[in-house]
Amino acid sequence: MPHDPRGFHPETLAIAGGYDPASASGAAKPPVYLSSTFVYESAGQAKDIHEAYFRGTGPEAGKPHYIYARLSHPNLAMLETRLAAIDGAERAAVFASGMATHSAIALQYLRPGDSVLHSRPIYGGTDALYNQMLPHFRIATVPILDGCDGTHIRAQAQKAMAQGPLGLIVIETPANPTAAITDIALVVAVAEEIGRQTGRRPLVVCDNTFLAPFAQRPVEFGVDLCMTSLTKYCGGHSDLLAGGVSGRAEVIDPLLMLRTMLGSHCDPFTCWLVLRSLESVHVRSERAMTNAAAVAAFLRDHPKVAGITYLGFIPEGTPQRAVFDRQCKGAGSTFSFHLHGGEAEAFRLLDALRLVKLAVSLGGSETLACHSASTTHYNVPAPDRLAGGITEGTIRMSVGIEHVDDLIADLAQALEQV
Ligand SMILES: Cc1ncc(COP(=O)(O)O)c(C=O)c1O
């Protein structure tokens, strides 16, 4: 059975998983099911389908039924099956955006009085959710500034627990925008220690957006929730917004139920686009990573560049290198570099680019660059930005799949003008 996930590699599951042509008149590719509601065979069956959905019992339990598209729809189910298969998880839930996914996780798994530990830097929107929105609900947050240092992580966990039971540990690794790395297995081990000590094991959420499913597989390192902004590498063409989270059924199912209330599901056409893009994400990522290695080497050696945080350059013999070698299958294609000078120099470079587009976001086929402090992390207070390594001269680049010589030539002419 070509759609049976058992035994296939993730690259194969990205193409064969989640869709059975027999379910749609033999169409090799899935139709887009543009229907908001689904017809029952009888009033009795309608009752049974609702029992199956809400209670998981009765004659219709376990059968693939749909009720109303906000609860689920065929394209959503296909995408969730494929994403779970690629991530190596039992179940996945797909939302309208990465932030809709993060918000649902926080709403489902935190209660007033809880505390949260999160890596820093972290995407500006996630930072705002945890540090600006959740304090209104009496949820305290404490940052992890060195995600490879067990002593530091445990000390920060104690600080968090002094303010309330630790509900979530949220890590983003590599981090946006600096590609700072957190040891996933170490964080899971700390969560387990806390569980043994307190009787409540915090759930570990890993935002896998920066490397995407083929270059890093957080579920294999024991995280409870592997979150991905599908807007980035998985969508891959900067033409959609979506988010997903994979994990055990017992942690994903409550999120599916919550999504029904929030109405933050992903629509059929966007699901169809992501399902299609997932087929090629591993090849696109490979080319982007090869290009990024060459672009990063060019920038590192340029006299106007003061520093670069590219995973491939983590020095041998450091704890970060050991973690990188253990948990990452590639160095990714998004990184940051810093020019000598500050905002003025960074703006001159960005304004001089001709091929590389000046835009936020990452993981698309085209190369993008932006000034982190004034765009993606604008809303993060300056001291917190600096603590996370984001200076006024930091430029983030997401390298695409164009010919690498054209990218380097564009950067070279722009650097001339700084
Ligand atoms: C690491 C990371 N996580 C989450 C998000 C949020 O995803 P979305 O824009 O799909 O809501 C982003 C967006 O840039 C991101 O970079």
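This short talk walks through the two domains of this protein chain, the interface between them, and the surroundings of the ligand.

Before the details, please keep in mind that this is a predicted model, in which local features need pLDDT of at least 70 and side-chain atom pairs count only at pLDDT 80 or more, while totals for chains, interfaces and linings use all residues. Residues are numbered from 1 along each chain as its sequence is written, and side-chain values use heavy atoms, with hydrogens and water left out.

Let me start with the domains. The domain assignment gives domain 1 as residues 51-278 and domain 2 as residues 280-416, bounds that come from an automatic or database assignment. Their centres, taken over C-alpha atoms, are 25 Å apart.

How many residues of domain 1 are in contact with domain 2? There are 37, and they meet 42 residues of domain 2, where contact means heavy atoms within 4.5 Å. Between them the domains bury about 3200 Å², with 58% of that on carbon and sulfur atoms; buried area here is the accessible area, for a 1.4 Å probe, that two parts lose on being put together, summed over both. In domain 1, the residues that lose the most area to domain 2 are P177, I181 and Y233, together 20% of what that side buries.

Turning to polar features, the rule finds 2 salt bridges across this interface, a salt bridge being a side-chain nitrogen of Lys or Arg within 4 Å of a carboxyl oxygen of Asp or Glu. R120 forms a salt bridge with D384, and the closest N and O atoms of that pair are 3.6 Å apart. By class, the side of domain 1 that touches domain 2 has 18 nonpolar, 12 polar and 7 charged residues, with Ala, Val, Leu, Ile, Met, Phe, Trp, Tyr, Cys and Pro counted as nonpolar, Asp, Glu, Lys and Arg as charged, and the others, Gly among them, as polar.

The structure as a whole holds 19 salt bridges.

Finally, the ligand. The residues around the ligand, each with a heavy atom within 4 Å of it, include S97, Y123, E172 and K232. Which residue places a backbone N or O atom 2.8 Å from an oxygen atom of the ligand? That residue is G98. A side-chain N or O atom of D207 lies 2.7 Å from a nitrogen atom of the ligand, whereas T231 has a side-chain N or O atom 2.6 Å from an oxygen atom of the ligand.

Conventions: Polar contact = N/O pair within 3.5 Å; in protein donor to acceptor, adjacent residues only side chain to side chain.
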